[in-house]
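Here is a short report on selected backbone features, one helix pair and one ligand shell. Please read it alongside the sequence and coordinates.

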Amino acid sequence: MSNPDAPGPGPGGKPGDGRDWSVVVEDGIAKTNAPVSSAVASPGAATRRHEPHEPPRTHLPEKLYEKRKQVHNKRIDGPFRRFKWLVMLVTLGIYYLTPWIRWDRGPYAPDQAVLVDLANRRFFMFGIEIWPHEFYFVAGLLIMAGIGLFLVTSAVGRAWCGYACPQTVWTDLYQHIDRLIDGDRNARARLDKAPWGPAKIARRGFKWLIYLLIAFATGGAWILYFADAPTLFRDFFTLQADPIAYATVAILTATTFTLGGFMREQVCIYMCPWPRIQTAMMDEHSLMVTYKDWRGEPRGSVKKAQKNPGRYGDCIDCTECVQVCPTGIDIREGPQIGCITCALCIDACDRVMKDIGRPRGLIDYATLEDCEREAAGGHARPAWKALLRPRTLVYLGVWSAIGLALLFALGTRTRLDLTVSPDRNPPFMLLSDGSVRNSYTLKLRNMTQTPRTMELAIEGLEGGRIWTDTIPLTEAARRHTLEVPADETRTVRAYVAAPAGTRQQDFAFTLTTSDRQPEADRSETRFDAPED
Amino acid sequence: MANKRIDEPTGTEYVGHEWDGIEELNTPLPRWWLWTFYATVVWAIGYVIAYPALPMISKATEGLLGWSSRGQLAEEISLADQARLSVNERIAVTDIEKLSADPELLQSALGGGAAAFKVNCVQCHGSGAAGNQELGYPNLNDDDWIWGGDLTAIEYTVTHGIRQPDADERQGAMPAFEGMFDRDQLASLVQHVQSLSGRADPDPIGAQAYADNCAICHGPVGEGDRTLGAPRLNDAIWLRGGSADAIRAQILNPKMGAMPGWKDRLDPVTIKMLTVYVHSLGGGEDFVELPEEEPAAEVDEQP
Ligand code: SF4
Ligand code: SF4
């Protein structure tokens, strides 16, 4: 920390990283300058200027590379923390339980409610079954997810990062394991510094084993989305599953173990591209976690504040907000890339404010606009106003329009499909009775889970007759009934003959069902004939 | 380095790059990035040792694992061959008429037949099997068969060929009638042949000439004879053209095509697959019906 009285920067410490603050507090000295990056330049910033007698900081990074410092975040309770628990419970619950939900699809398809069937190229989701040619549904959902992220970010900043991102959820889980096994912040820091002995090895080994089990459960649940869960579960442990299943689990276990167990905030700060993009999604009307410096500065301990009434702001420099932060940053330095907007610092500070009898909200969700207004002595507007404004409404509009379009497409799509490709080599030929024959390859798709009887007919082409590879020439007629098995595409080679003298012309194949759910499809094509 | 500038809030040195007032700070890279970089270097060295990598004068270094893309291909091919082996064996022991009862076998046979056709048959019959009227290669898509169009007949033709030095080949010849008819007789005969398929009006003189000279092979009404390979004349399909000129040329100095027998060059399974493929092109005849239609033909054809 940039403690001007200290002989130099702390060991390996970069000024402003604020990771050794508990020490500072124990000394009872609170001399932080709370530098705020220029991004939140506000009238209140003036109060944070360095005292003239302070020597200019001359510390330069001596190293090209910096060792990662373990973040030991402190336990905290509060409304935001409870909300985070809830989100974790719901997201992990969805993740682990979904593959086990059964859905009766008859004997023709797997009875799993949510299944990505790569082998048969089907995507099952409750009552919806998506075929490869309907991939636009998946594309639509991905676009909705993207725009949804814009919507959330423009409204409440990195709320996705703070609550719902898998990296956050698993990091949170792992940090909780740390807390359970090693104890809270100080105990963990102590254990970290302690020399390696049998006790520490045993403790660390046990903790990493639990890390590994969680990582394994993470990778293990993932593969259940790609095959019938109970079968795969049994096969997996009896070593009969596909090698790909083991490889997937191994890779996901390894990544979860390293990213969740060891990389943690490094992923959010250095690896994830989203914090770089999010700045474009946010503006001065977006809610984000903000330290209200005009209210908190200058900082002073309770004791100091008592001695000099009126000289200090509300922040008592207890560093609770820093200690609870899962990414180990100091929110009082202003908005920064390391902040995932999880609001745990709000919970922490609110409790401190309650203890010292000050109003809550020294750190709070606020918009830049409100900050300026408040700093100038005005009142902040209610938070919901930040949610309803043209930008969010446009995102919401686009998002809902795509959603409605997808629902409409889902409601009107047919469960049968006909594609026709005419043979071009040769385009036509004469039969011995002089009639002209063309041949076609038809694909009849039955996307329902029952076998269907379909009527294949031709429209136009005077005197035309069709037969197929299974219907003999002797039974050639204008219409035929064909069976298409459940959940399958049947490829049929169809021959169409028209009487001698027929000219080249367009006509159409039609496919209709008359069962429970009458549907039809039609496909225009061409009939070729000799020129003369 | 006298004029280093320091960013006041973070105490970090500026690098000196500026874009629209945004300046870059000289923040140290996290150390694990460095380790990641070293790991990639180690990986690369290992890769160079294990796999073919360094280009030498005539070929690259071999690599300790002995892997090569050529070797991998050979391995994949032999695996595919092995997988095909069992299907081929099943095709070999299944009667050709029964192949269609097993959709999987039929599918493999059609695929194999199409591939064999592309290699061995397209030179004459064309890639779409449409033949060539000018050169007298029959169209295999239509329903007119000179030597029979059921599976057994096609298989026989493919195996033994037509007009080949082979004891079992399809043999048939049309005599040359050069000098047999005078101009008018010839014109009448041509007209009569055309009338068989409704292309011209009947001609009594031609009819007589036909009955005397042609009916013995081509049949009284031009229905042809498959045992002799005498083409049907009363249909719309002409192997060498249906114009008066083409017919006249064929009567005076007939051209007769030949087809190699494939029994020495292709194995029986491939021939079987080819047969199924050709039969599937749209004109294949039903095996069951044939004995009723032409019982004699069957007996004569396969002594
Ligand atoms: S928790 Fe609140 S009072 Fe304590 S240091 Fe942080 S901002 Fe200041
Ligand atoms: S600064 Fe506060 S909101 Fe940001 S990550 Fe840390 S605890 Fe969460």
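The report below covers backbone geometry in chain A, the surroundings of a ligand, and a helix contact in chain B.

The model is predicted.

**Cis peptide bonds in chain A**

Two cis peptide bonds come up here, each with a proline as the second residue. One joins A:E297 and A:P298, with omega about -15 degrees. A:P298 sits in the loop between α12 (293–296) and α13 (302–307) of chain A. Another joins A:N425 and A:P426, with omega about -5 degrees. A:P426 belongs to the loop between β7 (416–422) and β8 (429–430) of chain A.

**Positive phi outside glycine**

The next two residues have positive phi values, and neither is glycine. Their values are set out here.

| Residue | Phi | Loop in chain A | Relative accessibility |
|---|---|---|---|
| A:L239 | near 60 degrees | between α8 (229–237) and α9 (243–263) | 69% |
| A:A343 | near 70 degrees | between α14 (320–323) and α15 (344–355) | 1% |

Which class does each accessibility give? Exposed means over 50% relative accessible area. A:L239 has 69% relative accessibility, so A:L239 counts as exposed. Buried means under 20%. A:A343 has 1%, and therefore counts as buried.

**The shell around ligand 2**

A:A343 also appears among the residues that surround ligand 2. Its sequence neighbour A:C342 is in that shell too. So much for the entry point; the rest of the shell follows. The surrounding residues also include A:V289, A:C325, A:P326, A:T327, A:I329 and A:I331. A:C339, A:I340, A:T341 and A:C345 are listed there as well. By class, the shell has 10 nonpolar and 2 polar residues. No charged residue is found in the shell around ligand 2.

**A helix contact in chain B**

Two packed helices are described by the angle between their axes and the distance between the axes. In chain B, the pair is helix α2 (residues 69–93) and helix α10 (residues 268–279). Their axes come within 9 Å. They cross at roughly 75 degrees. Angles of 65 to 115 degrees count as roughly perpendicular. α2(B) and α10(B) are therefore roughly perpendicular to each other.

Which residues of α2(B) and α10(B) meet? From α2(B) come B:N88, B:I91 and B:A92. On the α10(B) side are B:V269, B:K272 and B:M273. The residues of this contact divide into 4 nonpolar, 1 polar and 1 charged.

Definitions and conventions. Residues numbered from 1 in each chain as written. Chains lettered and ligands numbered in written order. Predicted model: local features only at pLDDT ≥ 70, side-chain atom pairs only at ≥ 80, totals over all residues. Heavy atoms only, no water. Axes fitted to C-alpha atoms, helices over the stretch in contact; angles between N-to-C directions. Helix = DSSP H or I, 4+ residues; strand = E, 2+ residues; numbered from the N terminus. Parallel < 35°, antiparallel > 145°, perpendicular 65-115°, else oblique. Contact = heavy atoms within 4.5 Å. Nonpolar A, V, L, I, M, F, W, Y, C, P; charged D, E, K, R; others polar. Buried < 20%, exposed > 50% of the residue type's maximum accessible area, 1.4 Å probe, protein only. Near = heavy atom within 4 Å.
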